[in-house]
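Reader: I'm new to this one. Can you walk me through it?

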Amino acid sequence: MDLVMRWLLWVHLLLCAPLMGCFDLHLSETLHSGAVLANLSLGPGWTYKIDRTLTSKYIGNFIKVDWRDGVVRLNGEPFSLCLTLRFASIQTSLNSMQDVSNQWKPRIKRAVNSAPQFQLPNYQVSVPENEPAGTRVIALKATDSDPGDAGKIEYGMEALFDSRSKDFFRIDPQTGSIETVQPLDREVKDTHVFKVTATDNGTPRRTATAYLTVTVSDTNDHGPVFEQNEYRVKIRENVEVGFEVITVRATDGDAPSNANMIYKIVNGEGVNSGFEIDSRNGLVKIRLRPDRETMAQYQLIVEANDQGKDPGPRSATATVYITVEDENDNYPQFSEKRYVVQVPENVAINTKVAQVEASDRDEGNNGKVHYSIISGNVKGQFFIHTPTGAIDVINPLDYEIIREYNLRIKAQDGGRPPLINGTGIVVVQVVDVNDNAPMFVSTPFQATVLENVPIGYSVIHIQAIDSDSGENARLDYRLTDTTPGFPFTINNSTGWVTVSTELDRETTEYYTFGVEARDNGVPVMSSSASVSITVLDVNDNIPTFTEKEYSLKINEDAVVGSSVLTVTALDRDVNSVVTYQISSGNTRNRFAITSQSGGGLITLALPLDYKKERQYVLTVTASDGTRFDNVQVFINVTDANTHRPVFQSASYHQTFREDQPIGSTVVVISATDEDTGENARITYIMEDNLPQFKIDPDTGAITTQMEIDYEDQASYTLAIIARDNGIPQKSDITYVEIIVLDANDNTPQFGVLQISASDRDSGPNGRVIYTFQGGDDGEGDFMIEQYSGIIRINRKLDRENIPVYNLKALAVDKGIPPLKAAVEIQISVLDTNDNAPVFEKNELFIDVKENSPVDSVVARITAMDPDEGTNAQILYQILSGNNPEVFDLDMLTGDLKVLMDLDYETKREYVIQVQATSAPLVSSAIVHIRVVDVNDNDPVLQNFEIIFNNYVTNKSNSFPSGIIGKVPAHDPDPASSNGISFSNLTLFLLCFCPPFLSLSSSHTPAFLLICNLQFKYISQNTALLSVFCGFTTVSLLV
């Protein structure tokens, strides 16, 4: 006989604010101890426990709640248990908790024919496979507030996605209890999804829908199966420790929990102890160096165990035959396969944190082991002492950035050639200390502002978050790295940066300063970020000539159209266009001016005559369109310049040592001019201004103005121009070639990765070179040095395109014919944060019902980041449009919550801008939140009056058959406006769309002469219609 017991179980869920729930469960007595009864998970970050103050003590003998994932399990002997589900929100303590049932009241729309309601919209339950038919799964319960038969509920369900599901389950139409029809097989189908309906007996019948997901849990009814019963492989003698011999693999048809394969070597003792197997992937490795002279054949029996728990684990075996091929060498061996150390993140620099040891069976130099770190030393955090193997931390550690370092250690002996063991692994686990500080949502912050904005103008909103709560998360902001009179200030509470003094772009165009966010915890923790503000230009500056006046000489035989002088006026405003004109002094219009390349080019417009005018004083005006400046140009007319300068040599060749100090003279060149005076005064210039050299314009001495590096450039060619000061100027050009002599100023550099091969032959037959030719160089991304075997990066790598390279290098000797050997090299590319988050679309549309509960999740907004690890962590925030705060966006998950009641009739759409940040990269999207209407308003019928006059005669057509008025009824819900119905209109005919009134000829009194037709308001959806006909009044309800 089935024993039914009813208990009330309160579950306390703790996060930032306590929550408490109470629930019903009906359990079959066939369930075994440990069976899952319910999953109360609310997502990551919650913890769960049974509240002992509201739950009977003996409940703990039968029920167990996992504090991490919220799974409720049976703890004890099989029995039937019924528990009632309720949930309530607890604000501060259990003492302030009100009655749970009073806190959850359905939203009452109308009192007539209410629809049934399930307790939850979605249900999930797990059922073990192979249970007999009739096993109880779950009981779904819906409620209907209607009285009598109208509130009686009939349950039904249909399979979704896969019609086979209906053959495995049935539902009791009266109770909603669901049980199995036949045993379940997870390997055939592991998930069944149903739509469950609850229909009442009202008129019309109304239905509620919920969705049930039944997950078939696995039992271990399949054993492991190896791909082969026998494996055969050959290995070289004395291969290094960790050499991968072969991978054996077994499969299991059960679920992962019953197919979590563990491999081991059954006969791994004695002669087989030189081998080990990775328990997870079945990779057989060398643990001790094999010696063919000691043992040439090995036979390993490998077992695969699926670790199943129900009813128990299953296993299978395979045989691995290993043949050892001869080779004469010994490698260093690490004392441990894997070193694991735990180091607090605030450990002092230069502290020893680990010790690795490796031994070599050789003697003398061949047995001396040297250590180095070959990979995993991210940012160079660690240093290993080469002779001893002691590992020190040399840079500060940060648990929030990197929590674990996997260092690959290389042990190399002193032989020729050296033998290397690179399988040492040191796992440094960084232990966290309390150092949660505020974190800015974006850094650096950048903004622009016009230079003429008023004081108090808001420029940029600085935001930071703190993972703590309460006072520890309340942040104060302040500016740092500022000077007295700094034109910006920040609101210490909101983070808004505003203008405090007038701005001037021409004085300062860019402002870069710091901002600090400090929490109010004890001790106080803070973070800083940089802010860059660019001041945008307005036209508030006058163009100003670079010279107060200009003076020059020009030959009277100058060619018409030749350039005389370029005057330049500078306008400190941005993008200003300056135009030039000669406003006075241009006697006989000898000169013209054009605006060219930002300057005013003065050219000769008509021939000059030295005898008529020897000087011109031109007034030139520069204007930006609204503002202008003037300058005087003095032009003296002189005779012609007849000779040009001539260099002593058409080219010069000079050597120069790279280690000479800056300012050293390289060579002195000279040119001569047969003219006299200014026409013979020579000025030297370099045609191309190389930053490495400069030339004295008067002496022609070429000197260095920065360090010369032979390794950067071995020679330079300078084009030198000698120009006289006559009018017009004449010039000559020569070329100076400077040969840089090398100095020994560079130390040898280690490569990225080095491979090594040996050849036991002598002479050229034993000399080895390395190449990728005939192998694989990653499509040119890597190169190898021919004699050293050092592998280097040849061009920039991109992890998002190629995360792992599998290279193949060859070692070739110089014998005839040459012999070669190949080796495969795997290189993993580490990630950097070089990709911004990307939303699915730039514009997103979300539909939300207007009766969505406050603080409920209505959507999840997500973005993708192709980076990995911490570089792919995304923070979400609402940038704009959320004023007042109607919605809240979870910073970590992107869950969008509604913070207040929505009303379709008040506002139908909200538009917000959201931002995804993977600092310092950001992206944004526009989100349209459309409010969906529900029928939550009653029809409205106001008082109204219709008056009409009619004279009745014996003629049949005198009866008023037309429309006499319109009933002013409406419903604020758009979907319900066309569904208003009326009753008790026997004297009238009513057209419902729209509701027009007319008289009914079969019911209207014949003596009706003048009618005063009135509707008087009775209730929210009823009106009193009064018809006054002579001395008779007829009233009825509409």
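Reader: What does the secondary structure of the protein chain come to?
Author: One helix and 86 strands. Keep in mind that this is a predicted model.

Reader: How many residues are there, and what share of them is buried?
Author: The protein chain has 1038 residues, and 40% of them count as buried.

Reader: And the accessible surface? How much of it belongs to carbon and sulfur atoms?
Author: The accessible surface is about 57,800 Å². Carbon and sulfur atoms hold 50% of that.

Reader: What share of the contacts links residues 24 or more positions apart?
Author: It is 65%, counted among contacts with a separation of 6 or more.

Reader: Let's go inside. Which residues touch the most other members of the largest nonpolar core?
Author: Phe440, Ile462, Phe488 and Ile533 do. That core has 29 residues.

Reader: Which elements give two or more residues to this core?
Author: They are strands 38, 39, 40, 41, 42, 43, 44 and 45.

Reader: Take Phe488. What does it touch, leaving out residues up to four places away?
Author: Phe488 touches Val459, Leu479, Val497, Thr498, Val499, Ser500, Leu503, Tyr511 and Ile533.

Reader: Now strand 45. Which way do its side chains point?
Author: They alternate. Ser527, Ala529, Val531, Ile533 and Val535 point to one face and are buried. Ser526, Ser528, Ser530, Ser532, Thr534 and Leu536 point to the other face and are not buried.

Reader: How many bridges join strand 44 to strand 45?
Author: Nine, and the two strands run antiparallel. One bridge pairs Thr512 with Ser532 of strand 45. Strands 44 and 45 form a hairpin, with six residues between them.

Reader: What about strand 38 and strand 45, parallel or antiparallel?
Author: Strand 38 pairs with strand 45 in the parallel sense, over six bridges. Phe445 has Val531 of strand 45 as its bridge partner.

Reader: Next topic, the open sheet of three strands. What is its order?
Author: The order is 39-43-42, with antiparallel pairing. Strand 39 (458-461) and strand 42 (488-490) are the edge strands, each pairing on one side only. From one strand to the next, the twist averages 25°.

Reader: How many bridges join strand 42 to strand 43?
Author: Three bridges, and these strands run antiparallel. Ile490 has Val497 in strand 43 as its bridge partner.

Reader: Jump to strand 50 and strand 51. How do they run?
Author: Antiparallel. Six bridges join strand 50 (residues 591-596) to strand 51 (residues 599-604). Thr594 stands opposite Leu601 in strand 51.

Reader: What phi does Ser597 take in that hairpin?
Author: Ser597 takes a positive phi near 55°. The hairpin has two residues between its strands.

Reader: Last stop, Asp172. Where is it?
Author: Asp172 is in the loop between strand 15 (169-171) and strand 16 (177-180).

Reader: Why does Asp172 count as partly exposed?
Author: Because its relative accessible area is 32%, and partly exposed covers the range between under 20% for buried and over 50% for exposed.

Reader: What is Asp172 in contact with, leaving aside neighbours within four places?
Author: Asp172 is in contact with Tyr155 and Ser177. Gly156 is 16 residues from Asp172 in sequence, and their C-alpha atoms are 7.9 Å apart.

Reader: Which backbone nitrogen lies 2.9 Å from a polar atom of the Asp172 side chain?
Author: That of Gln174.

Conventions:
Residues are numbered from 1 along each chain as its sequence is written. This is a predicted model: local features need pLDDT of at least 70, side-chain atom pairs count only at pLDDT 80 or more; totals for chains, interfaces and linings use all residues. Side-chain values use heavy atoms; hydrogens and water are left out. Helices (H or I, at least four residues) and strands (E, at least two) are DSSP runs, numbered from the N terminus. Buried means under 20% relative accessible area, exposed over 50%, partly exposed in between (1.4 Å probe, protein chains only). Contact means heavy atoms within 4.5 Å. A polar contact is a pair of N or O atoms within 3.5 Å; within protein, one must be able to donate a hydrogen and the other to accept it, and residues adjacent in sequence count only if both atoms are side-chain atoms. Two strands pair if DSSP finds at least two bridges between them. Axes are lines fitted to C-alpha atoms, for helices over the stretch in contact, and angles run from 0 to 180 degrees between N-to-C directions. A nonpolar core is a set of buried Ala, Val, Leu, Ile, Met, Phe, Trp, Tyr and Cys residues joined through side-chain atoms within 4.5 Å. Accessible areas come from the Shrake-Rupley method with a 1.4 Å probe; for residues, only the protein chains shown count as cover.
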